[in-house]
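Work through the exercises below with the structure open beside you. Try each task before reading its solution.

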Amino acid sequence: MPQYRNSQQNRMMEEQQQQHQHRPQTPPQGGNMDGFVDHFRVPNAQESTYRESYLNPTYTFETFIEGDCNRLARSAGIAIAKKPGATAFNPLVVYGGVGLGKTHLAQAVGNEVKYSDPSKFVLYVSSEQFTTQFIEALKNNNVQQFTNYYLQVDVLIVDDIQFLAKKEKTQENFFHIFNRLHQNGKQIIMTSDRPPRSLEGLTDRLLSRFKWGLTADIQKPDFETRVAIVKQKLMSEGVMVPDDVVEYLAYNIDSNIRELEGTLVSLVANASLMQKQVDLDMAKNALLNIVRNTEKEITIEFIQQIVAEYFGISVDELKSKTRKKDIAQARQIAMYFSKEYTKEPLKSIGNQFGGRDHSTVVHASKAVTKRTASDALYNRILEELLDQMNIKSKG
Ligand SMILES: Nc1ncnc2c1ncn2[C@@H]1O[C@H](COP(=O)(O)OP(=O)(O)OP(=O)(O)O)[C@@H](O)[C@H]1O
């Protein structure tokens, strides 16, 4: 990461580092339990002083930005961290879309519990890891040891429980562990990509347990929260990125914080490689690549269909020689989109618009671009069309 730190940020970084020095040491990678299967066993008295939690130490409440999207889940998490197992929120089920902070929040509770009381055994596991460990235990005939290990946990965090669907034996074992922990006043936190009622393939008796506590959702964050999240991340990395770039990306990548962060990280890394500072043009290009890589391929045919339909004309009319104003205008727009959002060469675009040559495409594109500079209504039309085609505007 580049290094555009100012003195105020340096100071804040130092303060953060000092705070972290008082935190219990945990490994840098959350959730990596490779090798765990071979090692799990009930630790004896000497060994039990340190038990790995598999938490990511950066996932704390301090680094978790509060917004309308996560207020309830965050408040419940804070209450639990103060009194794990002793609130009405047991279990806590946090659900929401991909990359919206469920793991961060769940692990923040774990980190906070360990910070307040390092003797507490907090364990983070994804439901896939749990399943793999259980299958290994079955294979090696040591399910009892596996279960006993989990029964020692004070705060159990199980990520992405939707992956337990249809794994009946694993669910049965988890059900048993869940009941015993709950009876003993231990805390259970689970995350899921959908609300429990929509978790198909989970047994009713397991689902009914989830209702004992609190189910809280995390929604997509609004623009301001997205900006705050990104700025906080940048600050913790000691990286300076201009506000207009942060805002541009936060505006356009609105449904997945991980994707937003990832785009910014690669942008900063590329800029650093080129020994440049990140700017808005680079951000626009990065976004365009995302659109190109993640959306389905946009074809000229597809653009023609959408544009023709929008203006209430036929695709044949769009391709025809007619110079009627409304049709010519629609044609210009369709050519412009074809030039901007497909990988087709100009010659091929011209061909697919009734055998026109490439200069007509260039002319049409220029005419559209010129009009966008002064005509707000025209811009609205273009935006609506882009929306219909599920294309993110180049801005
Ligand atoms: N409110 C927030 N404050 C700070 N960072 C956040 C917030 N929400 C999400 N993030 C960050 O977004 C990234 C993705 O979050 P996380 O992995 O917790 O998402 P998730 O909902 O568990 O995703 P998945 O559905 O893939 O499991 C992480 O880097 C996390 O720190």
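**Exercise 1.** In which sense do β3 and strand β4 pair, and over how many bridges? Then find the pairing of β3 with strand β2.

*Solution.* This is a predicted model, so every step reads from computed coordinates.
- Step 1. Locate strand β4 at residues 187–192. β3 and β4 pair in the parallel sense, over four bridges.
- Step 2. Pick one bridge. Val155 has Gln187 in β4 as its bridge partner.
- Step 3. Turn to strand β2, residues 122–126. β2 and β3 also pair in the parallel sense, here over five bridges.
- Step 4. Pick a bridge again. Val125 is partnered by Val158 in β3.

**Exercise 2.** Decide how many residues of strand β3 are buried, and sort them by the way they point.

*Solution.*
- Step 1. Strand β3 covers residues 155–159.
- Step 2. Recall the general pattern. In a regular strand, side chains alternate between the two faces of the sheet.
- Step 3. Sort the residues. Val155, Ile157 and Asp159 point one way from β3. Leu156 and Val158 point the other way.
- Step 4. Check burial. Five of the five residues of β3 are buried, so the strand is largely enclosed by the rest of the structure.

**Exercise 3.** Is Ser192 buried or exposed? Find what Ser192 touches.

*Solution.*
- Step 1. Place the residue. Ser192 belongs to strand β4.
- Step 2. Count its neighbours. The cut-off for a buried residue is 20 or more other C-beta atoms within 10 Å. Ser192 has 25 C-beta neighbours inside 10 Å, so it counts as buried.
- Step 3. Leave out residues up to four places away in sequence. Ser192 then touches Val93, Tyr95, Asp160, Ile161, Gln162 and Leu199.
- Step 4. Look at one distance. Val94 is 98 residues from Ser192 along the chain, yet their C-alpha atoms are separated by 6.3 Å.

**Exercise 4.** Which residues does UniProt list as "binding site"? Describe the surroundings of Lys102 and Thr103.

*Solution.*
- Step 1. Read the record. The unreviewed UniProt entry places the feature at Gly99, Gly101, Lys102 and Thr103.
- Step 2. Find the element. Lys102 sits in helix α4, residues 102–116. Thr103 lies in α4 as well.
- Step 3. Judge burial. Lys102 is buried because 26 other C-beta atoms lie within 10 Å. Thr103 counts as buried because it has 21 C-beta neighbours inside 10 Å.
- Step 4. List the contacts, leaving aside neighbours within four places in sequence. Lys102 is in contact with Val94, Gly96, Thr191 and Ile218. Thr103 is in contact with Asp159 and Thr191.

**Exercise 5.** Describe the shell around the ligand: which residues come nearest, and which domains supply the shell?

*Solution.*
- Step 1. Start with the nearest. Of the 18 residues around the ligand, these are Gly101, Lys102, Thr103, His104 and Ile257.
- Step 2. Name the helices. α4 and α11 (257–273) each supply at least two residues of the shell.
- Step 3. Sort by type. The shell holds six nonpolar, seven polar and five charged residues.
- Step 4. Assign the domains. Domain 1 (31–218) and domain 2 (225–294) each give at least three residues.

**Exercise 6.** How many helices and strands does the protein have? Add its burial and contact totals.

*Solution.*
- Step 1. The protein has 18 helices and five strands.
- Step 2. Of its 395 residues, 33% are buried.
- Step 3. Take the contacts with a separation of 6 or more. Residues 24 or more positions apart account for 75% of them.

Terms used
Residues are numbered from 1 along each chain as its sequence is written. This is a predicted model: local features need pLDDT of at least 70, side-chain atom pairs count only at pLDDT 80 or more; totals for chains, interfaces and linings use all residues. UniProt positions are given in the numbering used here, feature names are shortened, and annotations may be inferred rather than shown by experiment. A residue is buried if 20 or more other C-beta atoms lie within 10 Å of its own, exposed if 12 or fewer, and partly exposed in between; C-beta atoms are placed from the backbone. Two residues are in contact if their C-beta atoms, placed from the backbone, lie within 7 Å. A residue is near a molecule or strand if its C-beta atom, placed from the backbone, lies within 6 Å of it. Ala, Val, Leu, Ile, Met, Phe, Trp, Tyr, Cys and Pro count as nonpolar, Asp, Glu, Lys and Arg as charged, and the others, Gly among them, as polar. Domain bounds come from an automatic or database domain assignment. Two strands pair if DSSP finds at least two bridges between them.
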